[in-house]
Amino acid sequence: NQQFAANYNVVNDRLTKLQQDLAVIESVAFQKVVMKGTANDPSALATVYWNASTEEVFLSIQNLQSLAAEQQFQLWAIVDGQPVDAGVFDQVNNGLVKMKMIKGAAAFAVTIEPRG
């Protein structure tokens, strides 16, 4: 019974996360920004969901290269022509990742940076 309850809780938590992610993806309040790869990694693909009113930013990773242990990805928002840190992340393909709040973004980009 304890194992069954633990399994139920895991599945229920995952379902709740999926429902929250779907609410963001389907919301007309969120602008969808698809970020395709560059010459450095043409197969890279990630999507940002940005709500200009609430300044919320969520990231969905479809395909990013594996990094060395001493590296991590960084999301940037381009605001008034300048890059603004939107947070760092590791390669995760597990739904949406909440990033830093951003006001006035014109574009988004991902770079590879030293960890930390």
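These are my notebook entries on a predicted model of one protein chain.

**Entry 1: the chain as a whole**

I began with the list of elements, and found one helix and seven strands in the protein chain. Read from the N terminus, their order is α-β-β-β-β-β-β-β, and helix 1 covers residues 2-26. I then looked up the extent of the chain, whose C-alpha atoms fill a box of roughly 55 × 35 × 25 Å along the principal axes.

Of the 116 residues in the protein chain, 29% are buried. The chain exposes about 7500 Å², and carbon and sulfur atoms supply 54% of that area. Among the contacts with a separation of 6 or more, 53% are between residues 24 or more positions apart. For the charges, I noted 8 positive and 11 negative ones, with mean positions 3 Å apart.

**Entry 2: the sheet of four strands**

In which order do the strands of the four-stranded open sheet stand? I read the order as 1-2-3-6, with antiparallel pairing. Strand 1 (31-36) and strand 6 (97-98) are at the edges, and because each has a single partner strand, one side of each is left without a neighbour in the sheet.

I went through this sheet pair by pair. Strand 1 pairs with strand 2 (residues 45-50) over six bridges, in the antiparallel sense, and here Met-35 has Ala-46 of strand 2 as its bridge partner. Strand 2 also pairs with strand 3, again antiparallel and over six bridges, and in this pairing I found Val-48 opposite Leu-59 of strand 3. Strand 3 and strand 6 run antiparallel and are joined by two bridges. Leu-59 appears here as well, since its bridge partner in strand 6 is Val-97.

Is strand 3 mostly buried or exposed? Five of the seven residues of strand 3 (residues 57-63) are buried, so this strand is largely enclosed by the rest of the structure.

**Entry 3: the sheet of three strands**

I next looked up the other open sheet, which has three strands in the order 5-4-7 and antiparallel pairing. Its edges are strand 5 (82-89) and strand 7 (105-114), and as each has a single partner strand, one side of each is left without a neighbour in the sheet. From one strand to the next, the twist averages 30°.

How many bridges join strand 4 to strand 7? I noted nine bridges between strand 4 (residues 71-79) and strand 7, and the two run antiparallel. One residue of this pairing that I looked up is Ala-77, whose bridge partner in strand 7 is Phe-108.

**Entry 4: two residues with a positive phi**

Before turning to the loops, I reminded myself that most residues other than glycine have a negative phi. With that in mind I looked at Glu-55, which is not a glycine and yet has a positive phi of about 70°. Glu-55 lies in the loop between strand 2 and strand 3, and these two strands form a hairpin with six residues between them. With a relative accessible area of 24%, Glu-55 is partly exposed.

Asp-80 is also not a glycine, and its phi is positive at about 50°. I located Asp-80 in the loop between strand 4 and strand 5, where its relative accessible area of 74% makes it exposed.

**Entry 5: Gly-95 and Leu-22**

Which residues does Gly-95 touch, leaving out those up to four places away in sequence? I listed Lys-17, Asp-21, Leu-59 and Ser-60; Leu-59 is the residue I had already met as the bridge partner of Val-97. Gly-95 itself is in the loop between strand 5 and strand 6, and at 27% relative accessibility it counts as partly exposed. I also looked up its distance to Ala-39, which is 56 residues away along the chain, and the C-alpha atoms of the two are separated by 26 Å.

My last lookup was Leu-22, which is found in helix 1 and counts as partly exposed at 43% relative accessibility. Leu-22 and Lys-103 are 81 residues apart in sequence, and their C-alpha atoms are 23 Å apart in space.

Note on methods:
Residues are numbered from 1 along each chain as its sequence is written. This is a predicted model: local features need pLDDT of at least 70, side-chain atom pairs count only at pLDDT 80 or more; totals for chains, interfaces and linings use all residues. Side-chain values use heavy atoms; hydrogens and water are left out. Two strands pair if DSSP finds at least two bridges between them. Axes are lines fitted to C-alpha atoms, for helices over the stretch in contact, and angles run from 0 to 180 degrees between N-to-C directions. Buried means under 20% relative accessible area, exposed over 50%, partly exposed in between (1.4 Å probe, protein chains only). Contact means heavy atoms within 4.5 Å. Accessible areas come from the Shrake-Rupley method with a 1.4 Å probe; for residues, only the protein chains shown count as cover. Lys and Arg count as positive and Asp and Glu as negative; His and the chain ends are not counted. The place of a charge is taken as NZ of Lys, CZ of Arg, CG of Asp or CD of Glu.
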